[in-house]
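Got your viewer open and a selection box ready? Load the model below and follow along stop by stop.

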Amino acid sequence: MSLTFTFDPPVTPDLRDGVLDLWTDVSNAGGSVGFVPPVTREDIRPELLKHLTGMAEGRTRLLVGRDAEGRVAATAFLALNTHRLMTHWLWLYTVMVHPRHQGRGYGRDLMSAAAAAARTVDGIEAVRLTCRGGLGLERFYESCGYKEVGRVPGAIRVAPGDDRDDVVLLLPLS
Ligand SMILES: CC(C)(COP(=O)(O)OP(=O)(O)OC[C@H]1O[C@@H](n2cnc3c(N)ncnc32)[C@H](O)[C@@H]1OP(=O)(O)O)[C@@H](O)C(=O)NCCC(=O)NCCS
């Protein structure tokens, strides 16, 4: 079994609800996607709205993976730069696979679909992302071809007294 990926899916209520549920479940399972548990859908909604606004303005594009039942099971948002000197690479945000599907290779499939999607975007030569240090995520991204190119010590405060590095990773597409 594998996920079915769609780049730039139509933004329907079903898609919005599916992404919201995914993001909430991943966050509550301890995923590093901008929140610390516990969170509700209402905590996540404003962040999703920011992505949706970016999509409406053509700055952000969504890659979504659906499982065999058609449920939203994985996402990655591809965000173009507005800085005129940085239009040759894009950001990858909110990379996640639903906890019920993790550990089966879907994460790697998602990253490979994200690289393929980025290659279809005019003028894009590299993909950049950041991740929370201390969880082994760097190893996951390195296994997908990314290289660590920077690390800001203690930039992410997940709780008082628990600071994590903000790790910058890059995938050249050439
Ligand atoms: C990170 C994530 C997308 C990986 O997806 P997945 O489907 O579980 O990963 P895969 O099954 O494709 O695993 C690929 C490899 O990465 C490793 N890996 C996966 N998640 C890992 C993690 N959190 N830390 C360390 N290694 C990890 C796997 O062990 C596997 O290695 P192997 O081939 O040597 O066995 C998924 O675990 C997830 O959504 N996590 C929560 C959200 C999150 O933290 N996202 C990252 C935002 S920066």
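The tour starts at the ligand, moves to a helix beside it, and then visits some backbone oddities and a few single residues.

Before you click: this is a predicted model, where local features need pLDDT of at least 70, side-chain atom pairs count only at pLDDT 80 or more, and totals for chains, interfaces and linings use all residues. Numbering runs from 1 along each chain as its sequence is written, and side-chain values use heavy atoms, with hydrogens and water left out.

**Stop 1: the ligand**

Select the ligand and show what surrounds it. The space it takes is the largest pocket. A pocket here is an open set of points on a 1 Å grid over the protein atoms alone, where a 1.4 Å probe fits, with protein on both sides within 12 Å along at least five of seven lines; a molecule sits in one if more than half of its atoms lie within 2 Å of its grid points. Strand 4 (89-97), helix 3, strand 5 (126-132) and helix 4 (137-143) each give two or more residues to the shell around the ligand. These elements are DSSP runs numbered from the N terminus: helices are H or I with at least four residues, strands E with at least two.

Of the 20 residues around the ligand, pick out Val95, Val97, Gly105, Gly107 and Arg108, which come nearest; to count as near, a residue needs a heavy atom within 4 Å.

Now the polar contacts (pairs of N or O atoms within 3.5 Å; within protein, one must be able to donate a hydrogen and the other to accept it, and residues adjacent in sequence count only if both atoms are side-chain atoms):

- Gly105: a polar backbone atom is 2.7 Å from a ligand oxygen.
- Leu135: a backbone N or O atom lies 3.2 Å from a ligand nitrogen.
- Gln102: a side-chain N or O atom is 3.4 Å from a ligand oxygen.

On its own, the ligand has 890 Å² of accessible area, and the protein covers 72% of that (Shrake-Rupley method, 1.4 Å probe).

**Stop 2: helix 3**

Select residues 106-119. How far apart are the end C-alpha atoms of helix 3? They are 20 Å apart, which agrees with the 20 Å expected for 14 residues at 1.5 Å a residue; the expected span is 1.5 Å times one less than the number of residues. The buried residues of this helix include Tyr106, Gly107, Leu110 and Met111. Buried means under 20% relative accessible area, exposed over 50%, and partly exposed in between (1.4 Å probe, protein chains only).

**Stop 3: backbone oddities**

Most residues other than glycine have a negative phi, and most peptide bonds are trans. Go to the loop between helix 1 (13-28) and helix 2 (41-56), where Pro38 lies: the peptide bond from Pro37 to Pro38 is cis, with omega near 0°.

Next, select Asp8 in the loop between strand 1 (4-7) and helix 1. Asp8 has a positive phi of about 60° and is partly exposed at 39% relative accessibility. Then jump to Thr94 in strand 4. Its phi is positive too, near 55°, but Thr94 is buried, at 13%.

**Stop 4: Ser143 and His51**

Select Ser143 in helix 4. Is Ser143 buried or partly exposed? At 36% relative accessibility, Ser143 counts as partly exposed. Its side chain reaches the backbone oxygen of Phe140 at 2.7 Å. Finish at His51 in helix 2, a buried residue at 12%; His51 and Ser143 are 27 Å apart, C-alpha to C-alpha.

Note on methods
1 Å grid on protein atoms, 1.4 Å probe; cavity = no way out; pocket = protein on both sides within 12 Å on 5 of 7 lines; lining within 4 Å.
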